[in-house]
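The following exercises are to be worked with the sequence and the structure at hand. Each task is followed by a solution in steps.

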Amino acid sequence: MLDRYGVVALFAFMAVLFPAIPLVFSWIIRPKKPNKSKTTTYECGLEFEDFPEEAQQVWVQFRVQYFLYAIIFVVFDIEAVFLYPWAVAYNALGLYALVEMVLFLGILILALAYAWRKGLLEWA
Amino acid sequence: MIPLPFYLVIAAALFCVGLYGALARRNAIAILIGIELMLNAVNLNLVAFWRYIKPASPTMDLAGQVFALFVVTLAAAEAAIGLALVIAIYRSRDTVNVEDVDLMKW
Amino acid sequence: MSTPLVLTYVGFLIMAAVAICGGLIAVSARNLIRAALGLILSFVGVAGLYFVLEAEFIAVVQILVYVGAISILVLFAVMLTRGLMRRDLSAQNSQWIAALVVALVLFSALLLVATGTNWKVAETKIAGDLIPKLGEQLMTTYLLPFEAVSLLLLAALVGAIVIARE
Amino acid sequence: MDILNNLFVSLYVWVADLLHGLLGGLGLAKDAEAALVSAIMVLLVITVILLWMVLMVLILIWLERKNAARLQDRVGPNRVGPWGLLQPVADTIKMFIKEDIVPANADKFVHTLAPMVAMMPAVLAFAVIPWGKGMQPVDINIGVLWIVAVASIGTIGVFIGGYGSNNKYSLLGGMRAVAQMVSYEIPQVLTMVPIVLMVGSMSLVKINEAQSGWFGLQWFIFAVPVGPIAFVVYYLSALAEVGRTPFDLPEGESEIVAGYMTEYSGMKWGLFYLAEYFNFFIVCTIAATLFLGGWNGPILPPYVWFILKVYGLILLGMWIRMTWPRFRVDQLMNLAWKVLVPIALVNIVLAGLGLPIFKTIGF
Amino acid sequence: MPDATTLYLILPEITLAVFGMVILAVDLIWRERSRAALAWLTVLGFVIALATALLGWGWNMALFAQMYVVDTFAIFFKLLAAIAGILVTLVSLDYLRDRTPYRGEFLALFTFAVLAMMMMASSASLLMIYLSIEFLSYMSYLLTGFLREDKKSNEAAIKYFLYGAITSALMLYGLSLLYGISGSLNFADITATFAARNDVPTRIVALVSTALVIAGLGFKISLVPFHQWAPDTYEGAPTPVTAFLSVGPKAVGFAVLLRVLLTALPAFKNEWIALLTVISVLTMTLGNLVALRQKNVKRLLAYSSIAQAGYILIGLVSVNLNGASPFSGLNGVLIYLFAYLFTNLGAFTCVIAIENATGAVEIDDYKGLVKRAPFIAALFVIFFLSLAGIPPTAGFIGKFFVFGAALREGFLVLAAIGVINSVISVFYYFSVVRAAFFEAGKDTAPIRLAPPITFSLVVSAALVLVMAVYPEPFFNLAAWSMGMFGVAK
Amino acid sequence: MVPWLSLLVALPLIGAVIVLLIPKSAQADSQIKWFAIIWSLVPLAVASFLWFGLYNPAVSKMQFEETAMWISAINVRYHLGVDGLSMPLVWLTTLLTVLSLYYSSFTIHERIREFFFMFLLLEVGMLGVFVSLDFFLFYVFWELGLVPMYFLIAIWGHKEDRPLYSSIKFFLYTLAGSVFMLLAIIAMYINTSSATTLGTFDFIELAAKKPFANDWTFQTLAFWAIFIAFAIKVPLFPFHTWLPDAHTAAPTAGSVILAGILLKLGTYGIVRVLVPIFPQAFQANATIIGILAAISIVYGALAAMAQTDFKRLIAYSSVNHMGYVILGIAAAVAVGAAKVDDRAIALNGAILQMFNHGVITGALFFIVGMLYERAHTRALAEFGGLGAKIPVYGAILLTATFASLGLPGLAGFISEFMVFRGAFATMSVLSTISVLGIVFGAAMLLWKVIQKVLLGAFDDAKWKEKESHGIHLNDLVRFEAITVAPLIFLMVLIGVYPSVILNTINTLSTAILSAIKF
């Protein structure tokens, strides 16, 4: 008799183990013959060594768009967190809970509308 | 049950680790990481208290859990705002190192 | 000690170790991505502790929000700002010793509080599903913070976008 | 019939009893023995599930390639084994023995960690999936959220895979993949809310049970209009989240080489690949559970119904993959935020309004 | 579902929430055309909030399961918040015009900031306190960093943010301990717990958590040693925001501190008095001494506002609600805050008026100001006199009651340190006056005042003088506001 | 019932506002000047009418009292009234204001509007202090006078004498003292209040209630807090260091008011507040105060002697002269087997000396100012033989100097004599030492002023040379003569007929002393 979360814990244990086993196994049996050419970074046919020193440090200037997406995502993710207990309890609560949730959602829809209208959802 | 202080000690340790990170790091994002650790530690405290301290009302009082839920939410908002500020300063100053951010004296 | 208790201890200790180790990595790793990974590890450990505490909702929220969302935010921010990360600089600033002292002093104070206080502990069994109760309380007792937090999220979103956008 | 319906449950009980008998001789304390038995049983179950899943994936790969070939008027794999059935096995062996090439400047530790992290959520998600009546490893009251939560760990695997390779294509691919995955996580999460609302629980078992009426045909997909809308939104966003064509931009070969997997080879690549199929499989099981009644269905045993539904969804996904062109990145994001999210939100309100109405008319 | 009474009592909050969202929405819909209208819409919102806040006058209700209290004390701070909102909105109009295209967002966030202030004033639960403080903090961070292209603004915001986040985490830990010891989030239960338990470990918990809470709130009110953010933030933030930060969060920070200390932790009065006395002395002295060296007016006012917090704290540590003495400490704090609101906003409005015209914020740039803008120069003197506590200005009345309370409690040394500090402060305040009046400047072009700025200047100056000449109503206001603490008028 | 005192205080305020409102134009400056001068005559007229017309010198009680509740919560009242102590000072204030404004209208050339505004505001402050009978109100007026004086020194001060430094020094010194007084005021209020009754700020009630009667420590603390505030203003050694700086830097009119009135605020406060309210503490500390006074007297004289700057010399002589006032007060209150008459004489002398010093030093500062206007220097070494060169000026300077050093027949003699006459009874040793101060003072004035400036050889060549730079040593012109004439007249009048004022003072002194138990 294990607690429910004991089972989950065993799953977590296996989640670590399961990907590790083939990795270890293949590490044992596979050949290891690295050379310079193999270990260069893939550059669409260009030789990595040709690049100046600072370019070998891989850094691409990412656009802030990604981050803005992440912000919007975080906000809605949290919204979802609040939606679930509400949904579970909804049956017991009655219609006023709907009103409250619509308020909550309305406020966040405004956030979505803001992002939309300001063009943040365009991947330009 | 495991004694409550076990949790509290872990939370305190985590909190102080976070505090150290927040105070000792150079990079603004690293400081933020420390702060997130601190908030996390507090949440652990709250949940542990919720579980162990006799609830104030006969129906199961979820105050601690609810508080923790809100702390999670606020931590997310805080991270969003803080990182936005970090990005803004990176853009204008090419650094996220708090020691380089010294247009004005601390 | 009964076996379930032993197992609980084992779970607790593992999760606590994960949380603390993650935290240590997070504050000491030079590479910010690794620091962020340490942070995630710590989040996972704390989530595990929540499971041990039978606060499964908070645990899963912890994973969803912290691991799934906040860490993404952090990782993106690191990527966006990493161009000029100087490798020659140490990760710690000049006052790290002071910081260490502060943290240790605080820790000893908190340790004293945690262990020296008579917390009025009660052993309560959690019967049944608490999530409906949680939802109910969110809609009644905690209605005000619930609605306020949505405003806060709206404002934070708008503000963060204004600040961060190009 | 009953035996057939409860085949696996009976098997489980029988093995557990056997174990009890075997361990009885050790003279352990009673609760320790029980714990040990159930631990072993759980590990067994996990192993069975994972082996079964690997097998399924091999079949899936074969199926997909065959299907693709058929639809595109080709033959597909046909050399290894009958109808090329052993092709995936050969591929697997190749993966094991292939050299693992790590770029020189890469963050080796992170590079190795990434495929493992990508794999983890898939395994964790299996913990709550109900394969048939009484055939779920564990029934927790946060089942639905659990799936979403662990799935979100996968994004980190993808991200650090991109980062750990120290290659700008990988990095770009990783970032894109993450942006896409998180974007589609939102409609996916939101669209499950109406189901939870109708059931009043997040437990996947309860959700199954709630769909058991009408001779096993009270599926939520029939709960017009909320159900079908939710299903479509879920299915599309799930496909997108697991990066299936036409949503496979992150690894669009023609655009950014192979995305975050560019620098991966050998078993690590294999793990990513496996995880992708696992995830695809998982979202199909969730879709089946939430909207298609899970194991519910007349006549046939529950687990058969379940597998049938899952396979149906998988085939649907493959069909979509074969026939639709790839989305552009802007279309992709537009679809998520400007179409699916608003629809899902409206759907929630609809469900909230509809439920009391249905209740009053005694539905 | 909240009942009608509840909705009635939280009307000001509802108003501000609605207005904040409407401003955002209008900005989204109209874009270009709405710019000027938005500001007036914001002002309208604050005016309505002010009016509706008064509706709750005389009520003493705990709403939302005791988490949210609408009493005269809260209403006092709501009035304060609304007034600050109106004045700051008015002065920010011209300032923002050339500096940011995101004015709709600015006004919306600002409205939310004022909303958060109101929520802080009413919070009577650990959860609400944390939530509202964070709400206000986030809005403050964002408003501080609102000038994205301005390096100083960025820097100010990031420093503010990092300090704020660390201290609020500390405070949160303190709050969690309070929850742990009492098992409840509500102040009433916490008080009851501490009334019932008085053993040494409990006292230690209370002490540690009080110290941590003071750290968090001390950040908001810029108490030493949690003040380091203030000078940089004040200097770098958009000046209207600086003006707001110097009065708004500070005032409600005190509101929360008062409520926490007086309703949740009265059992540990001796402990927190000892702690706060030290902090008060440090705050006054450090603020004043460092202010002496400042060359930038915004920075100077930042240190000044640190020092002012120290004075106000004198009133807090001298709280003695027994008897009907006019020197109860609490009313000193309230009157002081009210006086400080108008004074400091007025002083900052002068700074903004000059900055709008010339872009200058250094003391040296103020040379010859009296020739260019005699009106502003004269008002500067009035506001500085008030800040220094010299009659006949509002600041004097504030100091009078604060120091009076210290004397009543026998804190002679504290009061003496306080008055010595106020003498020191004259020196740096007058360094601005000196530049403005006695030294010749290069530029002599007259400075024009925009009507909204003139209006708020006149209002501030008038109130600064009126409070001194006719303090009776303000005294009564403060006295009524203390009703919740069981002090009869 | 005419609210005379309110009127008196309000008039300059109204004038100040009108000055601000006079529209800008080419003639605005002269309009402002003449308006302000004429307007300032009104308070003088009112004050004269009150003193010589309505005031009853035989009554020791407050006259023309006005009372109204101001802040009921703390029992602050708008309470005005004058008695024999304040009446002469009120009158002197209005007089010196008129003279200063008149003189300034000829000598101030820049920022006219602000100057006259500040000056009228200053008059409000000074009058307010003299007429208010509520400590709160008193304090407000007390501080109100600070700001205009600060601006007067800083803006119109002599640029070469560091006016900015001097003005802020003046401001901070005074403020530093007065904030402690504020604390004492509040403490007295709290002490006189109880759980059920409000305390009081009223001078008369405070004198009756005697706060801290049972708390010696607190009484002493409060006493000293208030005393130091006043002593700084007087200024008494060792709080005097602001004075020479402020005087040298201030414009002539500013110096006149500073010496003539503002210094009196300190001694006025001591008599008004400390003597009636803290008689015990005063008695106990009278010796210390007497010693400080004696030091002030001697030190002031010696320091004056060491000066090379004419104005600084006068400034230090003020330290010396105000020392007499303090000595007189201290002696009047000190414990000792003195007759009440002796005490009354000492106190009368002290109060009269206040008035006289205002007249004499006011005049002296005018006179120095006039010389400075001509010579653009105040260095004593530069002058010599002026008596012959500019005789009218010389005569006036001579008169004022003699009045200052106490030549019989002139004002200074009467009051100084009375102070010593009374003080010997209780403080014989200190008085004896202080007489040295008189000697030094006389020597200083005779040597430094009369001998060096008026007598001696006039350096023709030097002044010829200076004439090429536009410096002309002319004799007094009409406006200057008009300015000093009333003061010279007063010196003589009081010198020969002191009763005009002593009558008023004596009633009060007797009343004050009779209220004290010896």
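**Exercise 1.** Determine whether Phe64(F) is buried or exposed, and describe its backbone.

*Solution.* Step 1: in this predicted model, the relative accessible area of Phe64(F) is 16%. Step 2: a residue counts as buried under 20%, so Phe64(F) is buried. Step 3: Phe64(F) belongs to strand S1 of chain F, residues 63-71. Step 4: its phi is near 55 degrees, which is positive although the residue is not glycine. Most residues other than glycine have a negative phi.

**Exercise 2.** State where Phe64(E) lies in chain E, and find its phi.

*Solution.* Step 1: Phe64(E) is placed in the loop that links strand S1 (61-63) to strand S2 (68-70) of chain E. Step 2: phi of Phe64(E) is near 50 degrees, a positive value in a residue other than glycine. Step 3: with a relative accessible area of 11%, Phe64(E) is buried.

**Exercise 3.** Locate the cis peptide bonds that precede Pro225(E) and Pro392(E).

*Solution.* Step 1: the bond from Val224(E) to Pro225(E) is cis, and its omega is near 5 degrees. Step 2: Pro225(E) sits in the loop between helix H9 (200-220) and helix H10 (229-236) of chain E. Step 3: the bond from Pro391(E) to Pro392(E) is cis as well, with omega near 0 degrees. Step 4: Pro392(E) is found in the loop between helix H16 (374-388) and helix H17 (394-408) of chain E. For context, most peptide bonds are trans.

**Exercise 4.** Describe how helix H6 and helix H7 of chain F pack.

*Solution.* Step 1: helix H6 (residues 146-156) and helix H7 (residues 163-192) of chain F have axes 8 Å apart, at an angle of about 165 degrees. Step 2: angles over 145 degrees count as roughly antiparallel, so H6(F) is roughly antiparallel to H7(F). Step 3: the two helices cross in a right-handed sense. Step 4: residues of H6(F) that take part in the contact include Leu146(F), Met149(F), Tyr150(F) and Ile153(F), and those of H7(F) include Leu164(F), Ile168(F), Phe171(F) and Leu175(F). Step 5: sorted by class, this contact of H6(F) with H7(F) has 12 nonpolar, two polar and no charged residues.

**Exercise 5.** Describe the crossing of helix H10 and helix H13 of chain D.

*Solution.* Step 1: the axes of helix H10 (residues 226-241) and helix H13 (residues 302-323) of chain D come within 12 Å and cross at roughly 65 degrees. Step 2: the crossing of H10(D) and H13(D) is right-handed. Step 3: on the side of H10(D), the residues in contact are Phe231(D), Tyr235(D) and Leu239(D); on the side of H13(D), they are Leu313(D), Leu316(D), Gly317(D) and Ile320(D). Step 4: the contact of H10(D) with H13(D) consists of six nonpolar residues, one polar residue and no charged residues.

**Exercise 6.** Which residues touch the most other members of the largest nonpolar core?

*Solution.* Step 1: the largest nonpolar core contains 755 residues. Step 2: those touching the most other members are Phe67(A), Trp86(A), Phe57(C), Phe126(D), Trp146(D), Phe135(F) and Phe136(F). Step 3: when neighbours within four places in sequence are left aside, the contacts of Phe135(F) include Met181(F), Ile185(F), Phe201(F), Leu206(F) and Val273(F). Step 4: a second, separate core has five residues, among them Ala16(D), Leu19(D), Leu23(D) and Met41(D).

**Exercise 7.** Analyse the surroundings of Leu19(B).

*Solution.* Step 1: Leu19(B) is part of helix H1 (residues 4-24) of chain B. Step 2: its relative accessibility is 3%, so Leu19(B) counts as buried. Step 3: Ile35(B) is 16 residues from Leu19(B) in sequence, with 6.8 Å between their C-alpha atoms. Step 4: beyond neighbours within four places in sequence, Leu19(B) is in contact with Met38(B), with Val102(C), Ala103(C) and Leu106(C), and with Ile166(E) and Leu170(E).

**Exercise 8.** Which pair of chains has the most contacts?

*Solution.* Step 1: nine pairs of chains touch, and the most contacts are between chains B and C. Step 2: chains B and D do not touch, as their nearest C-alpha atoms are 14 Å apart. Step 3: chains A and F do not touch either, and their nearest C-alpha atoms are 47 Å apart.

Notes: Residues are numbered from 1 along each chain as its sequence is written. Chains are lettered from A and ligands numbered from 1 in the order in which they are written. This is a predicted model: local features need pLDDT of at least 70, side-chain atom pairs count only at pLDDT 80 or more; totals for chains, interfaces and linings use all residues. Side-chain values use heavy atoms; hydrogens and water are left out. Axes are lines fitted to C-alpha atoms, for helices over the stretch in contact, and angles run from 0 to 180 degrees between N-to-C directions. Helices (H or I, at least four residues) and strands (E, at least two) are DSSP runs, numbered from the N terminus. A crossing is left-handed if the near helix is turned anticlockwise from the far one by less than a right angle, and right-handed if clockwise. Contact means heavy atoms within 4.5 Å. Ala, Val, Leu, Ile, Met, Phe, Trp, Tyr, Cys and Pro count as nonpolar, Asp, Glu, Lys and Arg as charged, and the others, Gly among them, as polar. A nonpolar core is a set of buried Ala, Val, Leu, Ile, Met, Phe, Trp, Tyr and Cys residues joined through side-chain atoms within 4.5 Å. Buried means under 20% relative accessible area, exposed over 50%, partly exposed in between (1.4 Å probe, protein chains only). Angles under 35 degrees count as roughly parallel, over 145 as roughly antiparallel, 65 to 115 as roughly perpendicular and the rest as oblique.
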